[in-house]
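Colleague: I am new to this structure and would like a close look at one part of it. Please start there, then widen the view.

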Amino acid sequence: MDFLADCATNVADQFWAQTRNGLTLGSIYAMIALGYTMVYGVLQLINFAHSEVFMVSTVAALYAIPAFGVTDGDPATGIAVIFILIGVLLCCMAASGALAVLLERLAYRPLRKRHAPRLSFLISAIGASLFIQYLFVLMDGQHYLFPIRGIADPLGTPLLIIGGFLAVVAIGLLVTGTRRGEEGWVDAGTLAGLGAIATLILGAILVIKLPDILGPTPQSVPELFSTSTVFTLFGAPISNKRIMVVVVTVVMLVILDAFVRRTRMGRGIRAVAQDSEAASLMGVNINRVVVVTFLVGGLMAGAAGLLYQIVLGAPAFWFIGFKPGIKAFVAAVLGGIGNIRGAMLGGLLLGLVEAYAVPCIGTQWIDVTAFVVLVAVLMFRPTGILGEQVGA
Amino acid sequence: MTDDLLELQDVVVRYGGIEAVRGISFNVADGELVTLIGGNGAGKTTTLTTISGIKRPSGGTISFAGERIDNLPAHEVVELGVCQAPEGRRIFPRMSVRENLVMGAFARGSAKQADVDRVFDLFPVLKERQKQAGGTLSGGEQQMLAIGRALMSEPKLLMLDEPSMGLAPKFVEKIFELLGDIHSQGTTILLVEQNAHLALQIADRGYVLESGEIVLEDDAKKLLGNDQVRKAYLGES
Ligand SMILES: Nc1ncnc2c1ncn2[C@@H]1O[C@H](COP(=O)(O)OP(=O)(O)OP(=O)(O)O)[C@@H](O)[C@H]1O
Ligand SMILES: [Mg+2]
């Protein structure tokens with residue numbers, strides 16, 4: 001009882017500040033969640049590599065912000081902030097969008113062509129996710145796989161990459177291999193094998209060449225503009241950064257909503273989500289719809305990545321996508337996987353729930369909240385708040 | 001045979017090991033109304049989905065207006081002017097009636113108000129319900145919507161898969177009357193039906209499909225008088 005009473009007073013004390021925090025973080029979750037939900041809508045596939053699409057945006061910011069002339073300790077000021085922000089935002093979105101499209105091409109389309117079983121897609125998603133993460137481990141001098149040793153390990157890293165990939169392949173074959181003889185088994189095997197070879201070659205090239213090409217990796221993202229309080233809401237100061245997050249999110253969501261509802265391509269996406277065979281009988285090019293869906297999801301995750309970094313001052317590194325990625329996935333399930341407005345709602349709700357939990361359980365334990373929410377949704381309302389319907 | 005709009009030659013379609021269509025050949029000339037009749041599991045739907053490019057034939061050729069289409073993806077077949085009102089209607093349940101119609105014109109680019117109005121003239125009930133979600137329409141209304149949606153593409157060849165299924169007799173007559181009208185206005189139609197009597201009445205020619213093979217083909221009027229057909233499909237003895 002004491003815990004609950006304390007909790008209530010604490011939440012009441014910090015209500016507006018936590019509402020502010022929840023809405024900011026929730027906006028970011030919402031934008032990432034859109035990528036999960038839209039891809040699920042058209043392909044009934046959870047793109048578990050989506051967190052890496054998000055991660056790539058933070059890495060793009062690492063290079064894009066200095067390129068616009070902003071360096072550490074020298075943030076942009078005045079009207080220049082807006083132009084630089086838009087410029088950097090476009091770079092980040094482009095990077096994430098490109099990666100999302102590449103993922104579709106390399107990790108999913110070959111499986112779709114062969115009508116592979118659902119499990120193969122999941123394995124491919126996890127393999128792609130690990131592959132991309134470790135690719136950025138290589139690029140980033142600070143974050144080797146064995147940080148305990150604290151030294152760069154030019155041989156161990158690529159070996160681990162390959163080992164990790166092969167392990168995924170092996171698990172995949174073990175699981176799907178129980179259905180040996182079916183087409184799906186052979187295809188999963190060939191693909192995984194090809195993937196392993198590609199990993200080996202790419203890994204080798206990167207280890208040898210990449211540091212020369214890129215030079216030393218920048219260690220931190222320069223602050224784009226400095227924080228200042230714009231106004232106070234019931235005692236909670238609202239900073240320019242938080243306002244920026246909300247403005248960018250609202251603009252992006254309004255554009256997305258109009259795109260999906262009003263344009264020909266948007267109608268095509270909804271048609272494929274509702275009945276893909278009927279959609280192709282109406283002349284919808286399914287492959288194009290799938291690419292556009294991945295692209296749009298990627299662009300959203302790209303914007304989210306930059307906002308996340310600006311508002312939290314988080315570093316760019318290979319594992320940064322994991323937490324927001326998994327939380328956005330929970331948000332998508334909470335709102336109703338496949339449902340676009342559900343993803344927006346789920347994101348904001350999860351952000352708020354997390355924020356209100358902070359005064360009760362403290363920041364160290366906060367990540368548990370999302371999983372509790374996930375379990376609760378799956379137990380009591382597995383279709384999520386708005387149900388599964390991209391068309392709505 | 002150059003005036004054939006659609007021509008199938010020795011088309012074989014398999015589902016895994018099962019041959020659902022076993023080397024059928026038939027043709028539909030420009031301006032004709034041809035019907036494909038046959039019992040459950042005869043392979044009618046399979047034939048239509050194969051023509052539409054959803055399913056790939058494992059043998060034989062399909063040509064439309066003199067061009068091979070059996071290797072084209074489904075959306076390109078639609079772009080050539082082959083549209084289908086599929087079995088089970090398959091309307092988009094969470095799109096409004098109007099949006100479903102607009103989807104019908106997807107292959108042409110955009111739908112004009114005049115196109116939508118023309119379908120509303122044919123089916124006034126759709127106009128009343130234009131804002132309602134497709135999935136909430138009654139079965140008969142959904143069938144009208146499915147036909148209207150197919151017409152929105154202004155097809156050169158309109159294929160219909162059992163438009164009479166699950167409809168009241170009065171409704172069925174209305175729909176067949178309408179198909180006759182559409183046909184007399186110049187649209188070529190390939191009609192798949194179990195209701196052989198009605199189908200043969202409006203058709204120019206007919207084919208009888210049984211276990212994936214064409215067992216009979218003739219003028220529609222002659223098929224109507226054919227003993228075999230009367231016994232098997234018209235419920236007479
Ligand atoms: N997706 C599928 N997988 C396996 N077999 C199938 C599939 N679709 C159809 N078949 C089989 O192919 C055969 C032909 O089916 P089809 O749907 O073409 O029949 P139909 O003539 O349209 O019948 P109905 O009048 O009942 O609709 C049937 O034996 C059916 O079981
Ligand atoms: Mg059928």
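Is A:H115 buried or exposed, and why?

Modeller: A:H115 is exposed, because only a count of 12 or fewer other C-beta atoms within 10 Å earns that label, and A:H115 has 10. Bear in mind that this is a predicted model. Now place the residue. A:H115 sits in a loop of chain A. Before that loop comes α4 (80–113), and after it comes α5 (118–139). The backbone here deserves a look as well. Phi of A:H115 is near 50°, which is positive, and the residue is not a glycine. As background, most residues other than glycine have a negative phi.

Chain B offers a second case. B:A65 also is not a glycine, and its phi is positive, about 50°. This residue lies in a loop too, between β4 (59–64) and β5 (67–68) of chain B. Its surroundings put it in another class. B:A65 has 16 C-beta neighbours inside 10 Å, so it counts as partly exposed.

Step back to chain A. The chain has 392 residues, and 46% of them count as buried. Its elements are 14 helices and 2 strands. Now take the contacts in chain A with a separation of 6 or more. Of these, 77% join residues 24 or more positions apart.

Next, the place where the two chains meet. Here 18 residues of chain A are in contact with 21 residues of chain B. On the chain A side, two elements give two or more residues each: α9 (264–274) and α10 (276–281). The most come from α9(A), which gives 6 residues. By class, this side of chain A has 6 nonpolar, 7 polar and 5 charged residues.

Last, the ligand. Around ligand 1 there are 13 residues. The closest include B:Y15, B:A20 and B:K44. B:T45 and B:T46 are also among the closest. Two elements of chain B, β2 (18–29) and α1 (44–51), each supply at least two residues of this shell. The largest share comes from α1(B), with 3 residues. By class, the shell around ligand 1 holds 7 polar, 4 nonpolar and 2 charged residues.

To return to your starting point: A:H115 is an exposed residue, set in the loop between α4 and α5 of chain A, with a positive phi.

Key
Residues numbered from 1 in each chain as written. Chains lettered and ligands numbered in written order. Predicted model: local features only at pLDDT ≥ 70, side-chain atom pairs only at ≥ 80, totals over all residues. Helix = DSSP H or I, 4+ residues; strand = E, 2+ residues; numbered from the N terminus. Buried ≥ 20, exposed ≤ 12 C-beta atoms within 10 Å, placed from the backbone. Contact = placed C-beta atoms within 7 Å. Near = placed C-beta within 6 Å. Nonpolar A, V, L, I, M, F, W, Y, C, P; charged D, E, K, R; others polar.
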